[in-house]
Number of protein chains: 2
Amino acid sequence: MLRHVVGGLLLFVALVAASACAPSPESTTDPVAPSLDYAIAIHAGAGVIAEDRQSFRAEPYVESLERALGVGRSILDEGGSSLDAVERVIVLLEDDPLFNAGRGAVFNHEGRNELDASIMDGRNLSCGAVAGVSNVKNPIVLARLVMTETRHVLLGGAGAEQLGLELGLEPVTQDYYYTQPRWDALQRAITGEAASSGGGTVGVAALDREGNLAAGTSTGGLTDKRFGRIGDSPIIGAGTYADNRTCAVSATGKGEEFIRHNVAARISGLIEHGGMTLQEAAEQVVNGRLVPGDGGVIGVSRDGAIAMVFNTRGMYRGAANSAGRFEVAIW
Amino acid sequence: MLRHVVGGLLLFVALVAASACAPSPESTTDPVAPSLDYAIAIHAGAGVIAEDRQSFRAEPYVESLERALGVGRSILDEGGSSLDAVERVIVLLEDDPLFNAGRGAVFNHEGRNELDASIMDGRNLSCGAVAGVSNVKNPIVLARLVMTETRHVLLGGAGAEQLGLELGLEPVTQDYYYTQPRWDALQRAITGEAASSGGGTVGVAALDREGNLAAGTSTGGLTDKRFGRIGDSPIIGAGTYADNRTCAVSATGKGEEFIRHNVAARISGLIEHGGMTLQEAAEQVVNGRLVPGDGGVIGVSRDGAIAMVFNTRGMYRGAANSAGRFEVAIW
């Protein structure tokens, strides 16, 4: 396998030879010092990622992930909250047409974009989410407003959009989300071809200097999904979970599998009730419960350890912490 | 506290004196034989249930719960699947205007009915759910069709309704759901008064003769909820969970709390990873995680043990099994 690693401001590509067999579970371990001041992990989708890796241009993805990770690190380094870091980094990734969230979201079967997002505050388990919104520029911003401005956790469709208008979010029209690669992917999916077309769902988990964990996830869902389909990204416990007692987690992959296996909260539960580390819990769920090809997770534990575990050929991801770690990788 | 118990076909009301202090956690223990052939537990909402218990007519609720429980027991007794028992019993409760599901659902702030439901098969974690549907007579039926007829788990709003039409479900108009007590409750809620108005969310957990667990939940949600609000009932892991390795659970109460605490799947996880019995796990979550007044859960374990635990003054509920147990209770 290849591994693209970006350190500091210098693009550093390390090619690591790996097994030639079928896609196998892979993980990034993080034997971390116990006294990290802050830590952040990001992902932007898991999957095959470029059948033909020779002609795939990884640089735009790497640069975008590095930029987003850098912003998150700066927020945390300057004493900002993990919640702010999660929201701000996801906004950047939503605005980037490379990834399947916000601008650049995939199309449903009807050729429309329906977006899901969620955010969770590990301090008190406050959370907010939106599902199936189609005129919101940054679903993660609206998800946070559901958390802070309503007594509810999850708002769907037109009801969520109405809240956004009430709170002054500028609506966008469907053409805002449009990108040619996603449209082409829908056409291929409808005719039964592979639909892979770039970056995926985006998510962030972070620990701030106050010791507070937060996580968030945003997505356009599945290419060619049924009108109205809601995936795991807006489901607290499936695609997103954060609890100061344990960890913050964001997931990416085949959403239905992540819902039925209760992935994000299961990882938290394995730490809380099963005595595992974050790394052990993430591996247990991704490699023991899910099956190869389903996807992956990123997470940060209460002591700042970072886990990035996936059972696909690749996962767009990045990790940074107060000890100077700063790296982005795809495979 | 009072406890209404119905045994067999005979209405038997036992008045049990209890502590006079504020509402305290309560549970129904079930020291069960290890070789039950089948078991079923149902609920129809938890809450204060009649401030003035003297003038409250419990009989219609007790009779309706008894009828529904009897149908579920018959299905299981005759070798039917837990999944069929769950769906059929929930249909009966949805059709009953006493309960907040299907006909008799509560109104949202705009005076409309938006319904949520989910169902899960413990054999393989298959699951289906619908959120915010407004023209479906039996949301639990549509939830099961999402499970069996699509590759998705959760469909929202118009997308879910479209699937129902495609699959031949007869749509209903909003006036189908209308009941005067629910309408009056909305008016009281809008003016800031207490909104309690009868039975609540309905749910079923069952174990069949094949050893398969299933669970389902259906609701109209919260009186005066925001347009688009989705509660815990359609969220796999929050309001509903079933896994043959552990248990089947359905929850009722303040949905947002059940989502953030990942209630149904947490109970399953405490059995799987924490070494608890169903009863211990349910008590741990309802009394250790949730706070008094939040609601309750019913569940059936893989060996047929039944748990019914709530932290409210009452919970409409019933339990039956192959050893002859058959009881319905409110307080």
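Let's start where the two chains meet: across the interface of chain B and chain A, eight salt bridges turn up. Keep in mind that what you're looking at is a predicted model. One of the salt bridges to look up is A:R289 with B:D243, where the closest N and O atoms sit 3.4 Å apart. Polar contacts cross the interface too, with 24 residue pairs found, both partners at pLDDT 80 or more.

Which parts of chain B do the touching? On that side, β6 (126-133), β7 (154-156), α4 (157-166), β10 (229-230), β11 (240-243), α6 (255-260) and α7 (263-272) of chain B supply at least two residues each. The most comes from α4(B), with five residues. Sort the residues on this side of chain B by character and you get 17 nonpolar, 14 polar and 14 charged.

Now for the interface in numbers. In contact with each other are 45 residues of chain B and 45 residues of chain A. The area buried between chain B and chain A comes to about 3,600 Å², and carbon and sulfur atoms give 52% of that. Three residues are worth highlighting in your viewer: B:R226, B:R260 and B:H273 supply 19% of the area that chain B buries against chain A, more than any other three residues.

The chains also share sheets. Strands of a sheet pair through backbone hydrogen bonds, either parallel or antiparallel. Here, strand β7 (residues 154-156) of chain A pairs with β10(B) in the antiparallel sense, over two bridges. If you want a residue to click on, A:L154 has B:I230 in β10(B) as its bridge partner.

Step back from that pairing and follow the sheet along. It is an open sheet of nine strands with mixed pairing, in the order β16(A)-β15(A)-β4(A)-β8(A)-β9(A)-β5(A)-β6(A)-β7(A)-β10(B). At its edges are β16 (326-329) of chain A and β10 of chain B, each pairing on one side only. Within this sheet, β5 (residues 115-121) and β6 (residues 126-133) of chain A pair in the antiparallel sense over six bridges, and A:D121 has A:S126 in β6(A) as its bridge partner.

What lies across these strands? Helix α2 (residues 82-95) of chain A lies across β4 (39-47), β5, β8 (202-207) and β9 (213-219) of chain A, at about 20 degrees to β9(A). Helix α3 (residues 139-149) of chain A lies across β5, β6, β7 and β9 of chain A, at about 135 degrees to β6(A). A salt bridge links A:R144 and A:D84, with the closest N and O atoms 2.8 Å apart. Since A:R144 lies in helix α3 of chain A and A:D84 in helix α2 of chain A, the pair ties together parts that are 60 residues apart in sequence. Over all chains, the salt bridge count comes to 30.

Turn to the other sheet and you'll find nine strands in an open arrangement with mixed pairing, ordered β10(A)-β7(B)-β6(B)-β5(B)-β9(B)-β8(B)-β4(B)-β15(B)-β16(B). Its edge strands are β10 (229-230) of chain A and β16 (326-329) of chain B, each pairing on one side only. Inside the sheet, β6(B) and β7(B) run parallel and are joined by three bridges, with B:A131 standing opposite B:G156 in β7(B).

Helices lie across this sheet as well. Helix α1 (residues 59-77) of chain B lies across β4 (39-47), β8 (202-207), β15 (314-321) and β16 of chain B, at about 150 degrees to β16(B). Then α4(B) comes back into view, lying across β6 and β7 of chain B at about 105 degrees to β7(B).

Methods
Residues numbered from 1 in each chain as written. Chains lettered and ligands numbered in written order. Predicted model: local features only at pLDDT ≥ 70, side-chain atom pairs only at ≥ 80, totals over all residues. Heavy atoms only, no water. Contact = heavy atoms within 4.5 Å. Buried area = accessible area lost by both parts, 1.4 Å probe. Salt bridge = Lys/Arg side-chain N within 4 Å of Asp/Glu carboxyl O. Polar contact = N/O pair within 3.5 Å; in protein donor to acceptor, adjacent residues only side chain to side chain. Helix = DSSP H or I, 4+ residues; strand = E, 2+ residues; numbered from the N terminus. Nonpolar A, V, L, I, M, F, W, Y, C, P; charged D, E, K, R; others polar. Pairing = 2+ DSSP bridges. Axes fitted to C-alpha atoms, helices over the stretch in contact; angles between N-to-C directions.
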